[in-house]
Amino acid sequence: MFALCGPALAEPPPLRIGVTISTTGQGAALGIPERNTLEVVGRDIGGVKLEIIQLDDAGDPTNATTNARRLATEDKVDVLVGSSVTPATMAVSNVAFETEIPHFALSPMPFQPGRDTWTFVMPQPVPLMAGVLFGHMKTKGVKTVGIIGFSDSWGDLWVKEFKASGEPTGLKMVADERYARADTSVAGQVLKLVSAKPDAVLVGASGTAAALPVIALRQRGYGGPIYQTHAAVTRDFIRIAGKAAEGVIFASGPVIAAARQPEGSLTKAAGVAYTAAYEAKFGAGTVNQFGAHMFDVFELLKRAVPVALTQAEPGSSAFRAALRNALEREKDMAASQAVYNYGPGNHYGVDERGRILITVKDGDWALID
């Protein structure tokens with residue numbers, strides 16, 4: 001009798017989740033809160049235990065590729081998560097496509113045609129966030145814009161988006177300056193920006209490195225509005241930029257103002273829960289949207305994993321395909337940063353409910369109505 005009951009009572013195999021993020025290097029301001037968030041998420045979904053394997057890629061695409069391949073082939077994970085910065089994230093996405101493993105991107109990224117099958121992007125896509133920034137510029141009478149951004153795919157994304165959706169609204173780009181993520185000075189680029197006399201400046205950077213142009217612009221006496229992308233929304237930005245951060249305008253996900261959202265907001269409950277759990281462990285005011293993207297991966301898995309389990313067990317290609325299909329079919333998956341609605345032709349899945357405008361006022365975040 002016991003022998004016959006044994007298989008029925010056996011636990012299902014664990015769900016292995018492989019994470020490669022930037023806990024060192026230029027992306028550490030993003031990767032550390034993502035790593036910290038792994039300490040506040042659950043370890044069980046639908047009766048299946050979660051095994052999380054986390055590696056550091058230091059924001060380097062080569063490291064990210066190596067990590068992702070190890071996680072896929074040696075650790076045989078069912079889910080890939082990462083990375084913290086766009087170039088490394090794109091590298092992980094390539095491995096996910098080749099190995100057919102569902103992948104959650106923690107950084108915004110573009111898709112190459114036909115290679116979006118296995119990657120689901122957690123952060124808000126650039127066009128969505130650009131729309132709210134460009135709209136604000138127009139309401140403030142901005143006509144000319146100088147852009148300074150990273151000399152990589154993240155900076156390229158914002159210049160491309162400005163041409164695609166900013167210029168049709170009447171905005172004109174009068175400068176396009178770039179700098180490397182590891183640069184310690186942007187004096188030359190800022191001098192050219194100031195000389196172009198833009199009505200506003202848009203910074204296409206992320207993490208603490210996004211503060212560098214702001215400090216230099218204010219030191220040069222630039223008094224116009226400065227806009228930042230959602231990749232720059234960190235407390236470290238405020239700390240490093242100091243007084244220069246005052247008045248800078250950011251597109252952001254809603255978790256930054258979770259408790260101040262209307263009661264009917266679908267992102268409020270998850271945002272408040274994440275804020276409470278994270279700040280109880282790491283201190284008041286420590287929540288940022290990079291860690292929230294990691295939290296939201298597990299919120300989506302709570303919806304999709306039970307569906308996939310009806311078709312196959314973790315550890316199999318059938319389960320991975322079922323998980324991908326569940327993510328594409330589930331609707332209104334509410335999380336702290338967005339309400340996700342993926343589909344076979346849409347692996348961004350975020351709408352206007354996943355964005356707000358904020359600024360820095362008296363050294364803290366403040367909502368812009």
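Which residue in strand 8 does Gly149 stand opposite? I looked it up: Gly149 stands opposite Arg178. I keep in mind that this is a predicted model.

**Entry 1: strands 7 and 8**

I checked how the two strands run. Strand 7 covers residues 144–150 and strand 8 covers residues 172–179. They pair in the parallel sense, over seven bridges. I then followed the chain from one to the other. Helix 6, residues 153–166, joins them in a β-α-β unit. The unit is right-handed.

**Entry 2: Thr20**

I moved to strand 1, residues 15–21, where Thr20 is found. Is Thr20 buried or exposed? I read a relative accessibility of 0% for Thr20, so it counts as buried. Next I looked for a polar partner. The side chain of Thr20 makes a polar contact of 2.7 Å with the side chain of Asp57. I also listed what Thr20 touches beyond four places in sequence. Among the residues are Leu55, Val81, Gly82, Ser83 and Val92. Ala64, Asn67 and Leu71 are on that list too. I noted these three names for the next entry.

**Entry 3: helix 3**

I turned to helix 3, residues 61–73. I counted 13 residues in it. From first C-alpha to last, helix 3 reaches 18 Å, close to the 18 Å expected at 1.5 Å a residue. Which residues of helix 3 are buried? I found Ala64, Asn67, Ala68, Leu71 and Ala72. Why do they line one face of the helix? Seen down the axis, the buried residues of helix 3 fall within an arc of 130°, so they line one face. I recalled the general rule: an α-helix has 3.6 residues a turn, so residues three or four places apart point the same way.

I asked next what covers these residues. The cover includes strand 1, strand 3 (48–56), strand 4 (79–81) and helix 4 (86–99). Thr20, in strand 1, touches Ala64, Asn67 and Leu71. Last, I checked the N-terminal end of helix 3. Asp60 caps it. A side-chain oxygen of Asp60 lies 3.0 Å from the backbone nitrogen of Thr62.

**Entry 4: Ser22**

I went back to the loop between strand 1 and helix 2 (28–37), where Ser22 is found. Ser22 has a relative accessible area of 0% and is buried. What lies 3.0 Å from a polar atom of the side chain of Ser22? I found the backbone nitrogen of Gly59 there. Ser22 also touches Asp56, Asp57 and Ala58, among others. Asp57 and Ser83 appear in the contacts of Thr20 and also in those of Ser22.

Definitions and conventions:
Residues are numbered from 1 along each chain as its sequence is written. This is a predicted model: local features need pLDDT of at least 70, side-chain atom pairs count only at pLDDT 80 or more; totals for chains, interfaces and linings use all residues. Side-chain values use heavy atoms; hydrogens and water are left out. Helices (H or I, at least four residues) and strands (E, at least two) are DSSP runs, numbered from the N terminus. Buried means under 20% relative accessible area, exposed over 50%, partly exposed in between (1.4 Å probe, protein chains only). A polar contact is a pair of N or O atoms within 3.5 Å; within protein, one must be able to donate a hydrogen and the other to accept it, and residues adjacent in sequence count only if both atoms are side-chain atoms. Contact means heavy atoms within 4.5 Å. The expected span of a helix is 1.5 Å times one less than its number of residues. The arc is that of the directions from the helix axis to the C-beta atoms. Two strands pair if DSSP finds at least two bridges between them. A crossover is right-handed if, with the strands pointing away from the viewer, the path from the first strand over the helix to the second runs clockwise.
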